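Subject: Structure for you to look at

Hi,

Here is the structure I promised to hand over. Please open it first, then read my notes below with the view in front of you.

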Amino acid sequence: MGPIGQTRNPLVRLVARVAVWVGVGALVLSSLVPIVLARPGSAGPAFGSHSVEGKRDVARGRLASARSVVRDARAHPRPKADSGRVLRGVGTKSARVPSGVAVAGSTPSAATSSGPAALVVTPALAVAAQWSGMGQVEAGNWAPPDPWVAASPSFVVQTVNSQVKAWDRNGVELLSVPDWALFGLPVDQIPSDPRIVWDAVHGRWVGVVISVKNDFSYATNYLTVIVSDTADPTLGWTVIAVSYSGEFPDYPSLASSSDKIVVADNLYDSSNGFLGADLNTFTWASILGGGALTYNYCEDAGFGNPRAAQVLSASNDVHVILESISDSHQSYVRLGGSGTCASTTNLTDLTSSNGLDAFALPPDPRQVGADTISNAVDERPTDAVWQAGRLWWVSTFPVTYDAGSTWNDEVVLWGTTTSAAGAPAGSSIIAIQPGDGIDAFMGGVGLSRNGSLFVTYSQSSATDLVALYANRVAGGLLGTPVLLASSGAASSSERWGDYAGVAADPIGTGAVWASHMVAGADGAWKTVVARLLVDADAPSTPGAPTANALISTTLTASPSYRIAWSGSTDASSGTVRYRVEQSVDGGAFGAPTWLGGLSLVRALPLGHTYRFRATAVDPLSHASGTATGPTLQPILYQSPTSRTGTWGTQSNPSYSGGTTLYASANGASASFTTTGVRSLGFVTTRATSRGSFRVYIDGVLKGTISATSSANAYRRIAYQFTWSTAGTHTLKIVVLGTSGHPRVDVDAFLALK
């Protein structure tokens, strides 16, 4: 297969027929001005002898709010492109069996291999959350979707061609915006390949999209990077646009380290001739500093399909996987410093030095019916991740089980170990081989915070629709595959992917978020978003529930109490729910209430005893120990145990018990003392004629409360205090004699024993 045939024509990555767009004419890039003309340093020998030096225009602008461009996009929509099959040349198909592939259950040889049975590894992968992502029509009928996902402690963001959507972590949609609007593209640009990642070091979102002029003249094309102002993706962004004149950057990958953002892509000339791997670097210091932007790039015609590995632990370096143009060898380079050619070091031929097979073109995946997904996959690495010295990447690879008579697709996870300096050492190869006649393809790879390795992939056969699976790796072995979603019909598109997003979850140590596509009942693509989790630990035991009377509520025969407990932790999942149960009058604990928070409000009728217990349960149903609170009895007392000053009595059915005590003179006081009490509350009347009073607990002033209100409110619980253990306590109120409305009512005291 010819080297250029292995790379892709950028035109075929876009929909076959595209309308000339009109619409929002005042987006960000229309007002940008160049702020620096960056020229990289001299080519370093580490990145080969094909480096190209040059100059590109870079402009920086502002997007005030992602929410505001949604309104603009709705008011001035750009016509949607027609969907259709997109064909591409991928060269002459050749296929080889990988050597030394470690597979769960068996190791294939060049002669034959049977499909391995899945090895059950404890703990197994589980799906902690899942919801529908976006569909083909919603995203403007682009094919393929290029699905990607990222997650922060508060948000989940998915990108597809050509839409961006944000949810909260429970799947509640917060924002849906065309990518051209979010990235501020001029109206004559067609966007493609959007990606957004969460940078936990800087607490910001980082995104990239490529775009080509809509007449495909290549007059001006862009690689646009955006950086959020805050951790909220629905607010403002900084927009950085790199313009290419007569050249086009395709198939970008995105990584953000402690000191830089790196975008690696394939570069083509105006005749669609392949120019080489293109590494673009933007320093964080210049982005956050707001001054001149430090931007460098380095090209090398000897390599293609560069994948900048996502950086998942603290590091300045970005590790890049590439394909050698001359022989398809897997290659590696480390990108340090500010991204000049001289800062690319440790160029390594991983095929020659580390024993990894050269990338090889896989066969077309099969699906139900006569139509294969004939342009679904090629040999390119589709993604890479790095964490704490371990580098993993993924590609689709050919495999045979009958000595080469027939060929199938497998997904291979390739790995190596990096150090602080020098070339990578060793290699790991983990292959997903579902069996003869079954294709596994278009994989995604990810690492959780504790280093658990996850993989997602598509699987199909001549008798099975494309389905989406996920798995995890432990001890170098695959676990049991988990079905995430199935197609409703054969795919109507020849394209699949072009990559599958898997992102580390900053909540918990054992979780990732994943996104990929399946076909709907109409054959059009649709995506799913899922939280994948490996979790063997049980949550810690929560605190024992306590009860507090709700202030500013009206006293009834069933006073309202807030039942609260201290939280539990679960390292792997990072999230728990609470099962809270109630016992009445010493009976069995009843039907549980499930909550995500640390409290609930419960009406507790007078004349009964109550007990509550709480258990934390993680997403995989691992339960903590149960924390049981004390027996509680709400008791209403109509009169204070002592008082000073002049007090009167007034009758009214609206008062508790039909009567109330009241005083108007400054200094009059009423106290209530009782034993074995856990909580004391004070009940009074609020009205325009009522004034203020001080509250003391066991002789200590706790505050001043006003009972003045524009509307009459009887039997109001104005104050309450709770102790951690039962004891003898006193609640005292002192009338302040407020001018013009001095009266204060002592209607009742609510105790919890």
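Let us begin with one sheet. Three strands form an open sheet, in the order β35-β36-β39. Their pairing is antiparallel. The edge strands are β35 (546-549) and β39 (599-603), and each of them pairs on one side only. From one strand to the next, the twist averages 30 degrees. Bear in mind that this is a predicted model.

Now look at one pair in that sheet. β35 pairs with strand β36, which covers residues 560-564. The pairing is antiparallel and runs over 4 bridges. To see one bridge, find Ala-547: its partner in β36 is Ile-563. As background, strands of a sheet pair through backbone hydrogen bonds, either parallel or antiparallel.

Next, the whole protein. It holds 5 helices and 51 strands. Of its 753 residues, 57% are buried. The exposed surface is about 25300 Å², and carbon and sulfur atoms supply 53% of that area. Now take the contacts with a separation of 6 or more: 65% of them join residues 24 or more positions apart.

Two residues are worth a stop.

Start with Asn-354. This residue is found in helix α5, residues 350-354. Is Asn-354 buried or exposed? Asn-354 has 13% relative accessibility, and the cut-off for buried is under 20%, so Asn-354 counts as buried. Which residues does Asn-354 contact, leaving aside neighbours within four places in sequence? They are Thr-348, Asp-349, Thr-416, Pro-424, Ala-425, Gly-426 and Ser-427. Take Pro-424 from that list. Asn-354 and Pro-424 are 70 residues apart in sequence, but their C-alpha atoms are 8.2 Å apart in space. Gly-426 deserves a look too. The side chain of Asn-354 reaches the backbone oxygen of Gly-426 at 3.0 Å.

Then go to Ser-671. This residue is found in strand β46, which covers residues 669-686. Ser-671 counts as buried because its relative accessibility is 11%, and buried means under 20%. Not counting residues up to four places away in sequence, Ser-671 touches Pro-640, Thr-641, Ser-642, Thr-730, Leu-731 and Lys-732.

To retrace the tour, start with the bridge between Ala-547 and Ile-563. Then find Asn-354 in helix α5. Finish at Ser-671 in strand β46.

Best wishes

Definitions and conventions:
Residues numbered from 1 in each chain as written. Predicted model: local features only at pLDDT ≥ 70, side-chain atom pairs only at ≥ 80, totals over all residues. Heavy atoms only, no water. Pairing = 2+ DSSP bridges. Helix = DSSP H or I, 4+ residues; strand = E, 2+ residues; numbered from the N terminus. Axes fitted to C-alpha atoms, helices over the stretch in contact; angles between N-to-C directions. Buried < 20%, exposed > 50% of the residue type's maximum accessible area, 1.4 Å probe, protein only. Contact = heavy atoms within 4.5 Å. Polar contact = N/O pair within 3.5 Å; in protein donor to acceptor, adjacent residues only side chain to side chain. Areas by Shrake-Rupley, 256 points an atom, 1.4 Å probe, with all protein chains shown as cover.
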